[in-house]
Amino acid sequence: MGFDFQHCIRCTVCVANCPVFKVDPAFPGPKQSGPDAERFRSDDEASIDRWVRLCSQCKRCDVACPYSVHPAQIILREQTRYGEGHFRPLPYRLFANTYWLGALGSLIAPVINILTPRTFVKRVLNVFGISTSIPFPQYRFHSMNRSWRWKGRRRSRKKVVFFYGCFINYNRPDIGRGVRDLLASLGVRVVIPRQVCCGLPALGNGDMETARKFARKNARILAGYIDKGYEVVYTCTSCGLSLTQDYPGILGVPDGKKISENTYNLHEYILELMEEGYIEPTFEPLHRKIAYHIPCHLRALGIGYPAARLFEKIPGLEVHILEDNCCGLAGSYGFKKKHGETSAKLGSDAARAIKAIGPDIMMSDCGACKMQLGYFSGIPALDPSEILRQSLKVTDSGT
Amino acid sequence: MNAIYDVVIIGGGMSGMMAAAALAKNGRKVAVISKGDPVCCFSTGCIDLLADGDDPLKGIASLPDNHPYHLVGEDAIAHSLDLFQGIMSEGGMPYVGDVHANRRVLTSLGRCKSTCLVPETMEFSDFDSDEYIHVISFYKMKDFYPQYITSRYTNAGYSVFDPGVITTAGIAEKFENRPFLEAFISWVQGLDIPEGRIAMPAVLGRNLVGDVYHQISAGCGRKIFEIPTLPPSMPGLRLFGGLKKALLQKGVNLYWGKGIYSVEKLGNRIEAVTLASSGRATRVEGRAFILATGSFVSGGLQASMDTVTETVFDLPAYLPGARETWFNDDFFAAGHEIEKAGIRVDSSFRPVDTEIENLYVCGSILAFSEVMKYRCGHGMAIATGVAAANACGGLV
Ligand SMILES: Cc1cc2nc3c(=O)[nH]c(=O)nc-3n(C[C@H](O)[C@H](O)[C@H](O)COP(=O)(O)OP(=O)(O)OC[C@H]3O[C@@H](n4cnc5c(N)ncnc54)[C@H](O)[C@@H]3O)c2cc1C
Ligand code: SF4
Ligand code: SF4
């Protein structure tokens, strides 16, 4: 970073790829918010570009830019600068801390799940700037924090520490337990230490301090395992991006580089086990038609689409890759009332593309995509690991 | 079980994508790696084969002997364009045109540009200059002024529609929404436009262009046509999007957004490349590699004060002469010498003067292609892309 903005040739490719720019006329787009405005910014002056907050940090502009300008990185820096210098409205503070929000939600899950769909509660949420155009996620009492913390032989040659992320932890711990069981069935020792939010929501909500606090805490835990010969595995692509890009990058976490270099996407990790010859799994046929919505942050990782490569090996599976749409929820972005309309428009566009395929199920690696697009398309939304478990016949072991 | 690709293509421009399409069609397992979106995104979407003269395919015979077109040959060039047209038709974005006849496209300056294949939505070649032409433009849309066009035609008029947004991408997005489209069509019907043609800037949807185009045409009771705009250019983006979608459907694996970090060689063969992914470098292994990273504009070639380098494999690059000879005094004159710079290849598209055995090169990175001078951009990329694919298809 630093002077990347100087490389911009103003080709507008990033603008053409920006989902927010497409539907929200108030947002000047990645070129103007990023490299163009950057020329007039100075660390000695306060940040005044209020509209940088309209960027959802989907990072589609970074992926598209042929000149490695990374407009989203430039905007992210400005978002945190803006956040430092300005009052952050309630939703920004709340969602910066999805971890505590989740912890609370999960603790009082039975109550909160009944309350949030109520009209009265929705009104209250709206008053505080929180959008209720899609159902609020359901919280689970049996979060990952309350599940078995290891599985697989202790002496196994392959050892991983699983970074599950907030969505799995509080909303879909069943997916997390499934991943644990899947890895164990492949002869991998899995440990699931206590961990906190990756920090990405805090960063996106302009709260650098909280983001750093979370990141440091995780880094200490993960680096400890890496030193003992473990590798880090994630399924949530946004957590993955945060661990590999932001920890050594904008968050400047000690050991950030070490974590970044030892962290794998789950499917990438399984592919590598196969390539090394460590496992030779038999994939049972699945006769399904799947619309695979690629999360923006999987694209941003720049590792290709490993789950899709695994699915090529499952007989009978028909996978349609959809990579041109952002689901619009972008973590907590779409839960803010002021972004509600943008988010809903993008969500229904992406759902339309999914429905055009006529799939039995839709699939995405990202919790936010699954929530948003499951809702807008009315089609069951699964995690790739769930499909994989079905084909590899890994049964659910409960907690 | 190893994820070895038959062919790994570096560069996701017109040439890389067409090479991938040709290989995937023949059942090869292909990966395309691209640092970013290609030049065709900001092009008009029209396929130039050789813009001067009436018959572009015949015209190729008169190009200098070392022009890459000669390595492909007339028949193979025609076949590669057939393949391209087939893919775009399947994707619902048909192209019209004939390799033996250049056709005109109206530009936003009101002049005509000569090209070979054009998106169906831009077809205007049968226009007869006495015909009435009516331009519809959009309120406050940047870089599109109907007066430029109407001032050049004696029999012309224009109207302005207010779509509520002012950017090309914003307007295109609106056209994908049914109530907006219907409101627009009834507005046009209310204008009572005289007999003749209706022209619009190219904003008829980002993706659903075929549907939008046919519905407006039906609503207006006549064929309308689009005029390409400055970037962001919807026809360029549709071209890119259409090809990319076709590749995904054919099972090609895409690795987008990161450049090449390092190259692994074993003897005279390239074994794998690694990507500058976030975190660990992702490794992509292949039996053969195709280099399609484009020319200076895309970073396939890089110039320093006195030399030109190829950025991925450090292949020897042809340099037309000392720096003083690189540029013409007249900036706008066609044919700066530096345009000849690039990678020289043998008849099977393998780079000359290197030991590497499993590498092929195609597209605008090729030496002597002089894309700007001959205005042969996409055509040369398509023809050499498919030819390189065929050349390496035998090896893997
Ligand atoms: C502004 C403009 C408008 C044009 N308009 C037209 C037109 O209307 N009609 C026409 O026929 N021609 C047009 N041309 C010419 C034409 O676009 C090009 O000649 C042609 O598309 C080149 O295709 P290509 O595949 O060789 O390379 P490119 O399209 O340049 O693609 C190269 C790709 O390689 C990637 N890449 C580069 N380095 C690396 C790396 N190290 N690792 C991974 N990936 C890498 C780049 O990101 C890029 O995606 C235009 C050119 C320009 C500049
Ligand atoms: S940031 Fe990149 S994609 Fe955007 S205008 Fe600049 S060079 Fe083009
Ligand atoms: S990160 Fe996404 S929303 Fe933000 S400017 Fe880039 S493309 Fe637009």
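Mentor: Before we start, a polar contact is a pair of N or O atoms within 3.5 Å, and within protein one must be able to donate a hydrogen and the other to accept it. Also keep in mind that this is a predicted model.

Trainee: Okay! How many residue pairs are in polar contact across the interface of chain B and chain A?

Mentor: The rule finds 18 such pairs there, with both residues at pLDDT 80 or more. Looking at chain B's side, the elements that give two or more residues are α6 (168-175), α9 (234-249) and β11 (253-256). The largest share, four residues, comes from β11(B).

Trainee: What about salt bridges across that interface, how many are there?

Mentor: Six turn up. One of them joins B:R280 to A:E268, whose closest N and O atoms are 2.9 Å apart.

Trainee: And how much area is buried between the two chains?

Mentor: About 3200 Å², with carbon and sulfur atoms giving 50% of it.

Trainee: Switching topic: which residues come nearest to ligand 1?

Mentor: Out of 33 residues around ligand 1, the nearest are B:S15, B:T44, B:C46, B:S298 and B:S364. A polar side-chain atom of B:T44 sits 2.5 Å from an oxygen atom of the ligand.

Trainee: How much of ligand 1 does the protein bury?

Mentor: The protein buries 89% of the 1000 Å² that ligand 1 exposes when taken alone.

Trainee: Which element gives the most to the shell around ligand 1?

Mentor: That's α11(B), with three residues. By class, the shell holds 14 nonpolar, 16 polar and three charged residues.

Note on methods. Residues are numbered from 1 along each chain as its sequence is written. Chains are lettered from A and ligands numbered from 1 in the order in which they are written. This is a predicted model: local features need pLDDT of at least 70, side-chain atom pairs count only at pLDDT 80 or more; totals for chains, interfaces and linings use all residues. Side-chain values use heavy atoms; hydrogens and water are left out. A residue is near a molecule or strand if one of its heavy atoms lies within 4 Å of it. Accessible areas come from the Shrake-Rupley method with a 1.4 Å probe; for residues, only the protein chains shown count as cover. Ala, Val, Leu, Ile, Met, Phe, Trp, Tyr, Cys and Pro count as nonpolar, Asp, Glu, Lys and Arg as charged, and the others, Gly among them, as polar. Buried area is the accessible area (1.4 Å probe) that two parts lose on being put together, summed over both. A salt bridge is a side-chain nitrogen of Lys or Arg within 4 Å of a carboxyl oxygen of Asp or Glu.
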